[in-house]
Amino acid sequence: MRISTRSQVDPFIVMDVMQAASAAEAAGRHIIHMEVGQPGTGAPSGATAALARAMDQGALGYTVALGLPALRARIAQMYGEWYNVDLDPNRVVITSGSSGGFILAFTALFDTGDKVGIGAPGYPSYRQILKALALDPVDLPTSPDNRYQPVPDDFAGMDLKGLLVASPANPTGTMLDRPAMKALIDATQGQSASFISDEIYHGIEYEKKAVTALEITDDAYVINSFSKYFSMTGWRVGWMVVPEDHVRVVERIAQNMFICAPHASQVAALAAMDCEDELQANMDVYRANRTMMIDGLREAGFSSFAPPDGAFYVYADVSGITDDSRRLARDILDKAGVAVTPGLDFDPIRGHQTLRFSYARGTADIAEGIARLKAYMAAR
Ligand SMILES: Cc1ncc(COP(=O)(O)O)c(C=O)c1O
């Protein structure tokens, strides 16, 4: 049977690393996981307790396509609490993770062949989802001087139909401050292109609060998720905030593509939003890990990186060591028993000379990982 052209997306290299790490574990080795981009913690206990109650009480059938009204209202309330933004709950759409949000957003905003700008390095699935929807992802190589975030000059005169940014970003953890975000929004709107802000790492910030695009404009799509700050990756629930006149458009697509996000996960997500103590305890761990990681990587000899403002990654330039990050990652796994991600997932060109280190796991693991990386580098 014929396979479509649009289905020719690239694999996620980090999955190959995870595969190699689990093969090493199956062979009896102890591996420290610095490759995975997910919290080591589960959903907050208040979330699982709320779900247990809901399971006793009802069938948890479909919800309406836009999601449980109480969850949409609670998310709107959070925009008031976190950013002082007054948000109409009717503009909130509950999605199957932010991944489901991208599919809805790209379908609602773009036509076949439209060019959409994405920063490189960036989250790999942006490019692949765009390709699978017959859209044209345009990599915008970002500069370390701009802390690996795009600036308006990077896409001047490019005829983009959309720009997608992430702040804090994966793989770098860097953020756009308010003037930088505003400059991008102004430049995008000036080209009559759509602005999409991936805010999945909001809440995981270290020195200052991340800026939401909604502080600057209502004319943007904001995509977020319960996967990271709320520690609920496997529950596949997230949300999107869209302009008022796009709600019905997105609703019709969501009805047909997904029917709804998982009901059980929506119930748990609503309760998770009131588990601040537990979520802040997770933040204490990330904060300790971040300090340990910044110091430890520098001491090990991986010193070329922008300290992360948020998320739980360090993206290091290893051009002084290799021009084959995949081979370096493999060697680190084999010799040091530490799984790290080659930058190629995030930047198909410059990623040959970068590695991403995740510090989402427990602090003891990070300490052990750093010790092993130091020993590995000393022996090179
Ligand atoms: C920047 C970014 N956006 C989106 C996602 C997808 O997350 P989810 O679909 O679990 O919400 C990830 C996952 O790691 C990510 O790093």
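How far does a polar side-chain atom of Arg236 lie from an oxygen atom of the ligand? The distance is 2.7 Å. This structure is a predicted model. The protein divides into domain 1 (5-43 + 277-379) and domain 2 (46-274). The largest nonpolar core has 79 residues, and both domains give residues to it. The ligand has 14 residues around it.

**Ligand site**

- Ser99, Asp198, Ser225, Ser227 and Arg236 come nearest to the ligand among the 14 residues around it.
- Ser99 places a polar side-chain atom 2.5 Å from a ligand oxygen.
- For Ser227, an N or O atom of the side chain is 2.6 Å from an oxygen atom of the ligand.
- Arg236 makes its own approach to a ligand oxygen, with a polar side-chain atom at 2.7 Å.
- On its own, the ligand has 400 Å² of accessible area, and the protein covers 92% of that.

**Domain layout**

- Domain 1 is built from two segments, 5-43 and 277-379, while domain 2 spans 46-274.
- The centres of the two domains, taken over C-alpha atoms, are separated by 25 Å.
- Across the boundary, 36 residues of domain 1 are in contact with 41 residues of domain 2.

**Nonpolar cores**

- Within the 79-residue core, the members that touch the most others are Tyr79, Phe226, Phe230, Trp239, Phe302, Ile332 and Phe357.
- Helix H9 (residues 276-300) is the top contributor to this core, with 7 residues.
- Domain 1 and domain 2 both supply residues, so this core lies between them.
- Tyr79 is in contact with Asn84, Val85, Leu87, Thr212, Leu214, Val222, Asn224, Trp239 and Val241, leaving aside neighbours within four places in sequence.
- A second core is separate and holds 27 residues, including Ala65, Phe106, Leu135 and Val250.

**Helix H8**

- Helix H8 covers residues 263-272 and is mostly covered, with 8 of its 10 residues buried.
- The buried residues are His263, Ser265, Gln266, Val267, Ala268, Ala269, Ala271 and Ala272.
- These buried residues pack against helix H2 (45-57), helix H3 (69-83), strand S2 (92-95) and H9.

**Ile370 in helix H11**

- Ile370 sits in helix H11 (residues 363-379).
- Is Ile370 buried or exposed? Its relative accessibility is 6%, so Ile370 counts as buried.
- Beyond neighbours within four places in sequence, Ile370 is in contact with Met34, Met292, Met293, Gly296 and Leu297.
- Ile370 and Asp309 are 61 residues apart in sequence, and their C-alpha atoms are 20 Å apart in space.

**Thr142 in a loop**

- Thr142 belongs to the loop between strand S4 (136-141) and strand S5 (162-166).
- Thr142 counts as buried because its relative accessibility is 2%, below the 20% limit.
- A polar atom of the Thr142 side chain lies 2.8 Å from the backbone oxygen of Ala120.
- Ala120 is also listed among the contacts of Thr142 outside four places in sequence, together with Gly119, Pro121, Tyr148, Gln149, Pro150 and Arg350.

Methods:
Residues numbered from 1 in each chain as written. Predicted model: local features only at pLDDT ≥ 70, side-chain atom pairs only at ≥ 80, totals over all residues. Heavy atoms only, no water. Core = buried A, V, L, I, M, F, W, Y, C linked by side-chain atoms within 4.5 Å. Buried < 20%, exposed > 50% of the residue type's maximum accessible area, 1.4 Å probe, protein only. Helix = DSSP H or I, 4+ residues; strand = E, 2+ residues; numbered from the N terminus. Domains from an automatic or database assignment. Contact = heavy atoms within 4.5 Å. Near = heavy atom within 4 Å. Polar contact = N/O pair within 3.5 Å; in protein donor to acceptor, adjacent residues only side chain to side chain. Areas by Shrake-Rupley, 256 points an atom, 1.4 Å probe, with all protein chains shown as cover.
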